[in-house]
Amino acid sequence: IPKAADRVVFVLAPIISATTCFMAFAVIPLTGTVKLFGEETVMQLTDLPVGVLYVLATASIGVYGIVLAGWSSGSTYPLLGGLRSSAQVISYEVAMGLSLVAVFIYAGSMSTSEIINSQHAHYWNAVVLFPSFVIYVISMVGETNRAPFDLAEAEGELVGGFHTEYSSLKFALFFLAEYVNIVAVSALATTLFFGGYHALPGLGFTEAWLGGWFTIVWFFLKVNFFFFIFMWLRATLPRLRYDQFMKFGWKVLIPVSLIWILIV
């Protein structure tokens with residue numbers, strides 16, 4: 001721990017980041033009703049009527065881990081990284097929230113299980129609400145601080161950004177949080193736009209395999225598709241300039257989201 005650091009906050013910051021990212025999985029259904037030890041159960045921890053709102057709430061708390069890490073390090077580069085990250089996540093969380101409003105209107109619910117069922121009855125939301133899907137995918141990359149939006153930890157400018165002064169397990173917790181966040185936003189995209197655990201069109205007969213357990217395979221295949229998008233972007237696109245990045249969020253994504261909501 002650096003001498004200039006605020007010891008309590010310095011240790012608390014990675015713990016906040018690492019715990020909040022796991023909380024999103026509480027409302028994401030992995031499969032439908034299956035038999036487990038002779039009992040019929042749904043592979044979902046809790047089906048809140050405002051499940052998606054809960055996910056957005058936990059994601060916004062996770063920002064505090066990054067901001068506090070930057071502030072408590074007592075160093076210039078982490079502070080700049082923390083400031084960038086807070087501005088970035090707030091900006092893109094607005095666009096992300098607005099992209100989901102169209103899903104709520106179309107499904108008539110904020111419950112993740114009901115949104116999945118509404119897609120099973122009709123078409124996937126990625127087809128019907130394509131602009132919302134595109135805005136969400138862009139926002140989720142900005143939300144998770146991944147390339148080309150990794151300005152909070154831009155190695156060429158800020159050494160390591162908000163986690164410059166971190167090492168050992170505290171450093172590992174930040175990386176754990178980053179990758180679990182990627183899986184969380186990918187799982188949410190699968191749930192809200194890709195029909196969740198349901199099979200691809202024309203392959204509905206596979207849902208009865210293994211007593212319904214096979215649907216988990218479909219769920220993870222879809223999540224892996226989004227994970228691939230993250231890797232693909234990192235390998236192909238250069239980092240954006242910070243002012244371009246902020247302008248894109250506020251002057252393009254948010255106005256387009258508002259107009260699309262009115263159309264829906």
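## Nonpolar cores

In this predicted model, the largest nonpolar core comprises 43 residues, of which Leu100, Tyr136, Met140, Phe193 and Phe226 touch the most other members. At least two residues of this core come from each of helix 2 (51-72), helix 3 (76-107), helix 6 (130-143), helix 8 (168-193), helix 9 (215-236) and helix 10 (242-263). Helix 3 makes the largest contribution, with 8 residues.

Beyond residues up to four places away in sequence, Phe226 touches Phe133, Val137, Met140, Ser186, Ala189, Thr190 and Phe194. Separate from the largest core is a second one of 8 residues, with Ala5, Phe10, Phe162 and Phe174 among them.

## Helix 6

Helix 6 contains 14 residues, and the distance from its first C-alpha to its last is 20 Å, close to the 20 Å expected at 1.5 Å a residue. Helix 6 is mostly covered, with 10 of its 14 residues buried. The buried set consists of Ser132, Phe133, Ile135, Tyr136, Val137, Ser139, Met140, Val141, Gly142 and Glu143.

Which helices do the buried residues of helix 6 pack against? Their partners are helix 2, helix 3, helix 5 (125-128), helix 8, helix 9 and helix 10. Two buried residues of helix 6, Tyr136 and Met140, are also named among the core members that touch the most others. After helix 6 comes Asn145, which has a positive phi, near 60°.

## The loop residue Phe149

Phe149 is located in the loop between helix 6 and helix 7 (155-158). Is this loop residue buried or exposed? Phe149 counts as buried because its relative accessibility is 6%, and the cut-off for burial is under 20%.

With neighbours within four places in sequence set aside, Phe149 is in contact with Gln88, Tyr92, Ile138, Val141, Gly142, Leu240 and Phe245. Of these contacts, Val141 and Gly142 are also listed among the buried residues of helix 6. Pro29 lies 120 residues from Phe149 along the chain, and the C-alpha atoms of the two are separated by 29 Å.

## The largest cavity

Searching the whole structure yields 1 cavity of 30 Å³ or more. The largest cavity holds about 390 Å³ of space. Its lining is formed by 26 residues, and those closest to the centre are Cys21, Ala59, Glu143, Thr144 and Asn181. Two or more lining residues are given by each of helix 1 (7-23), helix 2, helix 3, helix 6 and helix 8.

By class, the cavity lining divides into 16 nonpolar, 7 polar and 3 charged residues. Glu143, one of the lining residues closest to the cavity centre, is a buried residue of helix 6.

## The largest pocket

The volume of the largest pocket is about 190 Å³. Among the 16 residues lining this pocket, Gln119, His122, Trp124, Ala199 and Pro201 are the closest to its centre. Helix 4 (residues 112-121) gives the most to the lining, supplying 3 residues. The pocket lining contains 8 nonpolar, 7 polar and 1 charged residues.

## Thr76 in helix 3

Thr76 belongs to helix 3, the helix that provides the largest share of the largest core. Thr76 counts as exposed because its relative accessibility is 56%, and exposure requires over 50%. Thr76 and Ser91 are separated by 15 residues in sequence, and their C-alpha atoms are 23 Å apart in space.

Methods
Residues are numbered from 1 along each chain as its sequence is written. This is a predicted model: local features need pLDDT of at least 70, side-chain atom pairs count only at pLDDT 80 or more; totals for chains, interfaces and linings use all residues. Side-chain values use heavy atoms; hydrogens and water are left out. A nonpolar core is a set of buried Ala, Val, Leu, Ile, Met, Phe, Trp, Tyr and Cys residues joined through side-chain atoms within 4.5 Å. Buried means under 20% relative accessible area, exposed over 50%, partly exposed in between (1.4 Å probe, protein chains only). Helices (H or I, at least four residues) and strands (E, at least two) are DSSP runs, numbered from the N terminus. Contact means heavy atoms within 4.5 Å. On a 1 Å grid over the protein atoms alone, a cavity is a set of points where a 1.4 Å probe fits but cannot get out, and a pocket is an open set with protein on both sides within 12 Å along at least five of seven lines; lining residues have an atom within 4 Å of a point. Grid points are joined across faces, edges and corners, and a volume is the space filled by probe spheres set on the points. Ala, Val, Leu, Ile, Met, Phe, Trp, Tyr, Cys and Pro count as nonpolar, Asp, Glu, Lys and Arg as charged, and the others, Gly among them, as polar. The expected span of a helix is 1.5 Å times one less than its number of residues.
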